[in-house]
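User: I should like to go through this model and ask, for each description, what justifies the wording. Please set each value against the criterion behind it.

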Amino acid sequence: MTDPRPTAPLPLRAGERLALALAREEMMQDYHRWETDPATVVGFGARWPVSWDVFRARFRSSHTSAHYQLFEVVTADGAVPVGTTSLSVDQAVNSAEFTVVIAPEQRGRGYATEATALTLDWAFTIASLNSVWLEVLAPHTAAVTAYLKAGFRTAGRLRSAGLWQGRRVDKLLMDCVPADLPHLRDTAESARPGRPTGSTGSARPDDSVTARPPERHPAQKR
């Protein structure tokens, strides 16, 4: 017999205001609504959103796997869902693409900042990834600034590779490695050959990032 009660979010990593939790099947309609919001679609550089049937099928097949993890982002006090983040892992190089979506009604509160920082912390301290990368449209200046504050660095530029409100624009490539984050820098330095063992940092992630909605989310591939 199926239990009709919804599952409560299972917090995995907590910050000042937010926590990462496991994605839940009963939240699929909310996840889909967040990602099909017109402002989100513009952030994707897409022409139109993915359909519900495609989103549901891909969510059920791949929201948690060896290659992909979707997190639900909830408030630390009350566990109110406010968005999602994800890591899509290339195991051959031990790196992952990062994406984040914040619910339209929760935007403007700086939530993407902490959600991104929490996911980066998970990527390096739990998943033991070597690096995390992303693509962002160059005119999305708020996101670019926020990524830089969070520890990402500009890694390259693809000219005229994206769409932004009816025009061709550049895509920026950005990446982050453990040494880019202050609370992980000592650990990264001590791991280099010939370096003495050092202490590990303990500061909480910086509350300073927003993000590009996922372009390669398994539930959004076209």
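User: What share of the residues in the protein is buried?

Analyst: The model is a predicted one. A residue is called buried when its relative accessible area is under 20%, and 45% of the 222 residues in the protein are buried. The exposed surface of the protein comes to about 11200 Å², of which carbon and sulfur atoms supply 52%.

User: How many helices and strands does the secondary structure comprise, and which pattern does the protein follow?

Analyst: There are 6 helices and 8 strands. Along the sequence they give the pattern β-β-α-α-α-β-β-β-α-β-α-β-β-α.

User: What makes strand 1 and strand 2 a pair, and how many bridges join them?

Analyst: Two strands pair if at least two bridges are found between them. Strand 1 (residues 11–14) and strand 2 are joined by 3 bridges and run antiparallel, which satisfies that criterion. Arg13 stands opposite Leu20 in strand 2, and the two strands form a hairpin with 3 residues between them.

User: How many bridges join strand 2 to strand 3, and which residues face each other there?

Analyst: Strand 2 and strand 3 run antiparallel and are joined by 5 bridges. Leu18 has Thr75 as its bridge partner in strand 3, while Ala19 stands opposite Val74.

User: Why is strand 2 described as largely enclosed?

Analyst: Of the 5 residues of strand 2 (residues 18–22), 4 are buried, so the rest of the structure largely encloses this strand.

User: Which strands are called edge strands, and in what order do the strands of the sheet lie?

Analyst: The sheet is open, has 8 strands in the order 1-2-3-4-5-6-8-7, and shows mixed pairing. Strand 1 and strand 7 (153–164) are the edge strands, as each pairs on one side only. From one strand to the next, the twist averages 30°.

User: Why are the buried residues of helix 1 said to line one face?

Analyst: The buried residues of helix 1 (residues 28–35) are Met28, Tyr31, His32, Trp34 and Glu35. Seen down the helix axis, they fall within an arc of 160°, so they line one face of helix 1. In general, an α-helix has 3.6 residues a turn, so residues three or four places apart point the same way.

User: What do the buried residues of helix 1 pack against?

Analyst: Contact requires heavy atoms within 4.5 Å. The partners are helix 2 (38–44), helix 3 (52–62), strand 3 (68–75), strand 4 (81–90) and strand 5 (95–102). Helix 1 thus packs on the sheet, touching strand 3, strand 4 and strand 5, and its direction makes about 85° with that of strand 4.

User: Which residues touch the most other members of the largest nonpolar core?

Analyst: A nonpolar core consists of buried residues of nonpolar types joined through side-chain atoms within 4.5 Å. The largest has 32 residues, and Phe98, Val132, Val136, Tyr147 and Phe152 touch the most other members. Among the elements that each supply at least two residues are strand 6 (131–137), helix 5 (141–150) and strand 8 (167–176). Helix 4 gives the most to this core, with 8 residues. A second, separate core of 12 residues includes Met27, Leu70, Val101 and Ala103.

User: What percentage of contacts joins residues at least 24 apart?

Analyst: Among contacts between residues at least 6 apart in sequence, 63% join residues at least 24 apart.

Key:
Residues numbered from 1 in each chain as written. Predicted model: local features only at pLDDT ≥ 70, side-chain atom pairs only at ≥ 80, totals over all residues. Heavy atoms only, no water. Buried < 20%, exposed > 50% of the residue type's maximum accessible area, 1.4 Å probe, protein only. Arc of directions from axis to C-beta. Areas by Shrake-Rupley, 256 points an atom, 1.4 Å probe, with all protein chains shown as cover. Axes fitted to C-alpha atoms, helices over the stretch in contact; angles between N-to-C directions.
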